[in-house]
Amino acid sequence: MRILVTGGAGFIGSAVVRYLISEIGADVLNLDKLTYAGNLESLAPVEASSKYRFLKADICDAQAVSAALTSFKPTHILHLAAESHVDRSITGSGDFVQTNLVGTFTLLEGARNYWLSLKDDARQQFRFLHVSTDEVYGSLGDEGRFTETSPYSPSSPYSASKAASDHLAMAWHRTYGLPVIITNCSNNYGPYHFPEKLIPLNVLNAMEDKPLTVYGDGSNIRDWLHVEDHARALYLIAMRGRPGQTYNVGGGNEWTNIDVIRRICALMDQRRPRNAPHDRLISFVPDRRGHDYRYAIDATKLETELGWRAQETFDSGIEKTVDWYLNNEAWWGPLRERVYSGERLGMLRS
C-alpha cells in the first residue's frame, strides 16, 4: 500500500500522514507546496520513518505531479491540498480558484494518465479520494442535517472553489471512469491546527490574555469533528468506499461559536486559574460577510456502510486540544511570531 497525500503538511493532511505511518504502516509520499499553512514540524513524529517521503511541489504543476506519480507508483491518492480559510478567501479569492480548482484539475488529469498506465490488478485497486467540506452545501436553518444528496449552495469564495472541485472530481469518474470517491467533512479541530482558525486562535489568545473575538452574536453553529477521527475515516473510505460515491464525515457535535469560546474559557480557568475568569476577554466584533448560520452533518451512510464511528466527543476532544496547545509552544510560537499574530482577516474596505 503506497499512498500519495497532497497537502500532507497542513492540519488535516499531517494528521492523515501521521495516522497512515504510525497506525497503518503504509508507505506515504507527502506532496505539499508549503504555503503559509504548511508546516513540516507537524510531521516530526514520523519524519524519521523509512515509510515517509516528502516532495515540495505544487499540485498545479503538471510535470511535478506526473513525475511524482511515475516514481512513487501510488496505490491510492488522498487529495487534501487546498486553500481553506474563509476569511482569506474574501480578500484573496484568486489563490483559492487556482489551488482548489486548477490544482484539482491538474491532479485529476495526472492521476487519470497514471491510472491508465497501470496493469489490470493495480488499476482495479487504485483509488482517488477527493477530500472536501460541508461548506459546499451552504447554510442550514435550525432543523435538518446535510446528507450526501443535499444540493450545493456555497456562500464564500472558499466554499465555491471547493464545490467546483467536487464537481470536477465526480465528472472525471463519470466521464473517464477514474475511481474517484468524495468526502465532505464538518469543522475539524485538534492538535497542529494553524492558529488563524476559531479554536486555536482563541486558545492562544486566552493564554496571552488577549481578546477572544466572536463574530456577530456568536449564535452560528458548527458540527465539530476531531481531526484524528477524520483521519481514521479517510483511510477507511479510501480502502473500502465505493468509487463514484460521496461520504459525509461529521462528529455529531453541534455547538454555537459562543459556547465553544465559553468552553475554552472554562478549561483555561482550570489550567491557568491565576488569569481567571477568562470569559472577561470575550469581545463581540462585526460579523463575517456571507457567514453561514449552521452546519450539521448526517454521517449515517459512513457509519452504516463502513462501520465508522467518531471516538471523540467534543468535551473529550476540546480538553485534549487545549492541553496540547498549552504544552506545545515550540510548535505554535514561531507561527505566532513570524506567520500570523492573530489579526483579523477578511475585512474589505467600504
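A: Two strands count as paired when DSSP finds at least two bridges between them. Keep that handy while we look through this predicted model.

Q: Okay, how do I read a sheet, and what is the strand order in the open sheet of 7 strands?

A: In general, the strands of a sheet pair through backbone hydrogen bonds, either parallel or antiparallel. Here, the open sheet of 7 strands runs in the order β3-β2-β1-β4-β5-β6-β10, and its pairing is parallel. At the edges stand β3 (52-56) and β10 (246-249), each with a single partner strand, so one side of each has no neighbour in the sheet. Direction ignored, neighbouring strands in this sheet are turned by 20° against each other on average.

Q: Let's zoom in on one pair. How many bridges are there between β6 and β10?

A: Strand β6 (residues 180-185) pairs with β10 over 4 bridges, in the parallel sense. To find the spot on screen, look for Ile-182, which stands opposite Thr-246 of β10.

Q: Which helix lies across β5, β6 and β10?

A: That's α6 (residues 157-176), which runs at about 155° to β5 (127-133). Helix α6 turns up again in the second largest pocket, where its 5 residues are the biggest contribution to the lining.

Q: How do people look for empty space, anyway, and how much of it lies in the second largest pocket?

A: The general idea is to roll a probe the size of a water molecule over the atoms, which shows where empty space is left. In this model, the second largest pocket holds about 290 Å³ of space. It is lined by 14 residues, and those closest to its centre are Glu-148, Tyr-152, Met-170, Arg-174 and Thr-246. By class, the lining has 5 nonpolar, 5 polar and 4 charged residues. You've already met Thr-246: it is the residue opposite Ile-182.

Q: And cavities? How many are there of 30 Å³ or more?

A: The count is 1 cavity of 30 Å³ or more. About 40 Å³ of space lies in the largest cavity. Its lining is made of Val-86, Glu-135, Ser-155, Ser-156, Arg-288, Gly-290, His-291, Asp-292 and Tyr-295. Sorted by class, that gives 2 nonpolar, 4 polar and 3 charged residues.

Q: Back to sheets. What is the order of the open sheet that 3 strands form?

A: The order is β7-β9-β11, and the pairing is mixed. The edge strands, β7 (187-189) and β11 (254-256), each pair on one side only. On average, neighbouring strands here are turned by 50° against each other, direction ignored. Take β7 and strand β9 (residues 221-226): they run parallel and are joined by 3 bridges. Within that pair, Tyr-189 has His-226 in β9 as its bridge partner.

Q: Which helix lies across β7 and β9, and which one lies across β9 and β11?

A: Helix α8 (residues 227-240) covers β7 and β9, running at about 70° to β9. Helix α9 (residues 257-271) lies across β9 and β11, at about 85° to β11.

Q: Last one: how do I describe two helices packed together, and at what angle do α11 and α12 cross?

A: Two packed helices are described by the angle between their axes and the distance between the axes. For α11 (residues 314-327) and α12 (residues 329-338), the axes come within 6 Å and cross at roughly 75°. That makes α11 roughly perpendicular to α12. Trp-324, Tyr-325 and Asn-327 of α11 make the contact with Glu-329, Trp-331 and Trp-332 of α12. These contact residues divide into 4 nonpolar, 1 polar and 1 charged.

Technical notes. Residues numbered from 1 in each chain as written. Predicted model: local features only at pLDDT ≥ 70, side-chain atom pairs only at ≥ 80, totals over all residues. Heavy atoms only, no water. Axes fitted to C-alpha atoms, helices over the stretch in contact; angles between N-to-C directions. Parallel < 35°, antiparallel > 145°, perpendicular 65-115°, else oblique. Contact = heavy atoms within 4.5 Å. Nonpolar A, V, L, I, M, F, W, Y, C, P; charged D, E, K, R; others polar. 1 Å grid on protein atoms, 1.4 Å probe; cavity = no way out; pocket = protein on both sides within 12 Å on 5 of 7 lines; lining within 4 Å. Points joined across faces, edges and corners; volume = space filled by probe spheres on them.
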